[in-house]
Amino acid sequence: MDREHVILFAGPMGAGKTTAIASLSDIPMVTTEAINNDTDAHRKATTTVAMDYGQITMSDCEVVRLYGVPGQDRFDFMWRIFEARAVGLILLLDANTTDIAADLDHFLDKFRELVARGAVVIGITQTDAAGISGIELCHARLRERHQFMPVFEVDARSRDQMIVMLSSLVVMVQMRDPQLGAA
Amino acid sequence: MAGKFNPRASKVFQAMCSEALRQLVTETPGVEDACLVTGDGFEIASALNKSASASRLAAMTSSMHALGSAITGELKLKECKSVIVDGEIGTIVVVRVPSRHAEMMLAVTCGKRGTIGGVLFAARQHARWIDERVTATA
Amino acid sequence: MSNHSGALQPATAGRAGFLSADAARVVADAEVRSSAQFHIATFGIDGDGDALLRAIIGVLRGRTRAAWAVSTIGASDLVLVPQHRLPLSPNRLLDGRMIVVLRDDEAWSPGAEQLSLPSPISVMNVMELLDVAAERLTPAIAPRPEKRGDDVAPFGGHTITDGSTLASALARLVAESHYKRVRVRVTDFGVLWLCFGEGRYRIDFAKERLAPALRSRRFVLTAVSEKVTSEATNDLSDAPLSELLWMVGLVPCVDVAIADDTAVRLQRWPNFPRLPHTAEHLQLCGLLNGRDITFARLVAASALPRETVKAFMTACILCQFAVVGASARNEDAAPVPRISRGGFFERLRRSLGL
């Protein structure tokens, strides 16, 4: 491949990273799921323990590689491996969580290098079930942090909505570095 | 996928495994550390001489095995039995515990004194022993 | 051909005659048109018929409830169409305009809501038609009690009378911060409920029809109480008001003035997964990206049509996604990137079939 663009998906356990990549990928995903023994943290049956991998083949010579990393802090070594390679980060947050602002703080701090590059888009999932406005809480927290980035309400199962997130991230990446991916 | 037994919920099981790992480390030439972990990266029991964090080692062990499983699955080689990481001054061997009741991996590190074959054999022996304890306990 | 008793005979369009008859009157009529509240045009009626209508409108000046003038179809609110042209084939020029059928068949009966004029027309019939049409076209905000008593919150007597389209009227309503709940009956569509206090809206028709409904000129707005709203909308699901206001802003006829040297600043990206949008909207957000920039520089950097950028900014302003003028600080000195063509973004969208 002549050109490849690495997009990282991060966020707390259960936010929908694996689902989001599956929605976008045009190849069968590579997953690394294990049985979740920490049901106190989240009730889901399985959890990603290494990475998810999917891709969008743009042409014979250009591909977007989609990597999802585990959400738990004990796997942060995986975050470092991929952060260095990624051009942008899609941060997914779960609207059902007890403190979405704390999750936002946590991941923006952990991925500060990507934040500094101005290449982060935030997606809030499970909003219909939650019935509360996670998007407003996130915007308020970003104002307090003096940071500006897109925040969307998304359904990780929806390919159309995930394309909007990815497109927005690519716009920001290209604005920051017009040479990146130039024609 | 297995999952009927939570190895971290049984203190008796954890104690048995701790003792077994201590024996593995002291009695097998070249073995320096051993750590039994869950599939999702939690420590069950460990015998560590290095100052490495057991919790980080547990997470890395599960990740390595998961990636090994991804590759063997991709290449249709069936289950991943073990992963070997060959460092400059030592080797890490990760073997799957062949249990129907729980997902577990055993990570064993060895220095230059040990042979990979010998360490792999010992690790697999202990993995089978652990499986027998799980079957008895579950 | 018209006869001198004032009858307007439906006839095939004599285009050359129509144009020559109209040309001389363009300048003279301009002044009348500029002061008129509503406009009427003809479609499928010859030049003499058109001239007769103009003469009648002239005679009726000051005698109808609202001021009327004859205009082109594009600027009209009401269009007179001869019966033999029905049914009308799809015509973008007529879209959103109120149609009046000129009847030449006594036996033909229009629908209950359909305006019509018998042929030959008379001055009295035209006067009555214009008053009825003006009532339908005027979006009046007035207390409309469902029953006697205190169901409807009183107004301060304010009435919006121009509101050429529903979108335009709603845009002006947004500025009237003391309206809490408004009900809008949109002819041929249904009812729209706006709850400004809660930031939600409800409709009793399909969401896919909301965009054309916003271009409608036939609607009535009424302030209503919380009780009336909750009783009437019990079975309706609601949605964020910003979704509606976003669509309002994108309707081309909404007029929000943004001067070239006005500083604009995006305060948040619109929630695009939930809003109708284009690739250009994403690119404009990427350019804005929280910085202060003049409207002119934004247009230049985007290389997009000015109207596209203006509609986008209007929608952002109505939804409070962006601020303008004094609320935005002085323009940032940092150079603004330009949207490059054929780059990563465009290639990705193309590969995704967009």
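**Exercise 1. The salt bridge of Glu62(A)**

Task: In this predicted model, find which residue of chain C forms a salt bridge with Glu62(A).

Solution.
Step 1. Take the cut-off: a side-chain nitrogen of Lys or Arg must lie within 4 Å of a carboxyl oxygen of Asp or Glu.
Step 2. The partner of Glu62(A) is Arg347(C), and their closest N and O atoms are 2.6 Å apart. The pair therefore meets the cut-off of 4 Å.
Step 3. Set the pair in its interface: chain A and chain C have 3 salt bridges across their contact. Polar contacts, with both residues at pLDDT 80 or more, join 6 residue pairs there.

**Exercise 2. The contact of chain A with chain C**

Task: Describe the side of chain A that touches chain C by its elements and its residue classes.

Solution.
Step 1. Count the residues: 36 come from chain A and 30 from chain C.
Step 2. Turn to the area. The size of an interface is often given as the accessible area lost when the parts come together. Chain A and chain C bury about 2900 Å² between them, and 65% of this lies on carbon and sulfur atoms.
Step 3. Count the polar pairs: between chain A and chain C there are 6 residue pairs in polar contact.
Step 4. List the elements of chain A that give two or more residues to this side: strands 1 (3–10), 4 (52–59), 5 (62–68) and 8 (151–153), with helices 5 (127–130), 6 (134–144) and 7 (159–176). Helix 7 of chain A gives the largest share, 13 residues.
Step 5. Sort by class: this side of chain A has 20 nonpolar, 8 polar and 8 charged residues.

**Exercise 3. The cavity**

Task: State the volume of the largest cavity and name the residues that line it.

Solution.
Step 1. Rolling a probe the size of a water molecule over the atoms shows where empty space is left. The structure has 1 cavity of 30 Å³ or more.
Step 2. The volume of the largest cavity is about 100 Å³.
Step 3. From chain A, the lining takes Val171(A), Gln174(A), Met175(A) and Pro178(A). From chain C, it takes Gln283(C), Pro337(C), Arg338(C), Ile339(C), Ser340(C) and Phe345(C).
Step 4. Helix 7 of chain A supplies the largest share of the lining, 3 residues. By class, the lining has 6 nonpolar, 3 polar and 1 charged residues.

**Exercise 4. The contact of chain A with chain B**

Task: Find which three residues of chain A supply 42% of the area that chain A buries against chain B.

Solution.
Step 1. The contact uses 18 residues of chain A and 19 residues of chain B.
Step 2. The buried area is about 1400 Å², with 64% given by carbon and sulfur atoms. The three residues are Ile35(A), Asn37(A) and Arg74(A), which supply more than any other three.
Step 3. The interface has 1 salt bridge. Asp76(A) and Arg56(B) form it, at 2.8 Å from N to O.
Step 4. Strand 2 (33–35) and helix 2 (76–83) of chain A each give at least two residues to this side. The classes on this side of chain A are 9 nonpolar, 5 polar and 4 charged.

**Exercise 5. Two backbone features**

Task: Locate the cis peptide bond before Pro120(C) and the positive phi of Gln126(A).

Solution.
Step 1. Most residues other than glycine have a negative phi, and most peptide bonds are trans.
Step 2. The bond from Ser119(C) to Pro120(C) is cis, with omega near 0°. Pro120(C) sits in the loop between strand 5 (115–118) and helix 3 (123–137) of chain C.
Step 3. Gln126(A) has a phi near 60°. Gln126(A) lies in the loop between strand 7 (120–125) and helix 5 of chain A.

Conventions
Residues numbered from 1 in each chain as written. Chains lettered and ligands numbered in written order. Predicted model: local features only at pLDDT ≥ 70, side-chain atom pairs only at ≥ 80, totals over all residues. Heavy atoms only, no water. Contact = heavy atoms within 4.5 Å. Buried area = accessible area lost by both parts, 1.4 Å probe. Polar contact = N/O pair within 3.5 Å; in protein donor to acceptor, adjacent residues only side chain to side chain. Helix = DSSP H or I, 4+ residues; strand = E, 2+ residues; numbered from the N terminus. Nonpolar A, V, L, I, M, F, W, Y, C, P; charged D, E, K, R; others polar. 1 Å grid on protein atoms, 1.4 Å probe; cavity = no way out; pocket = protein on both sides within 12 Å on 5 of 7 lines; lining within 4 Å. Points joined across faces, edges and corners; volume = space filled by probe spheres on them.
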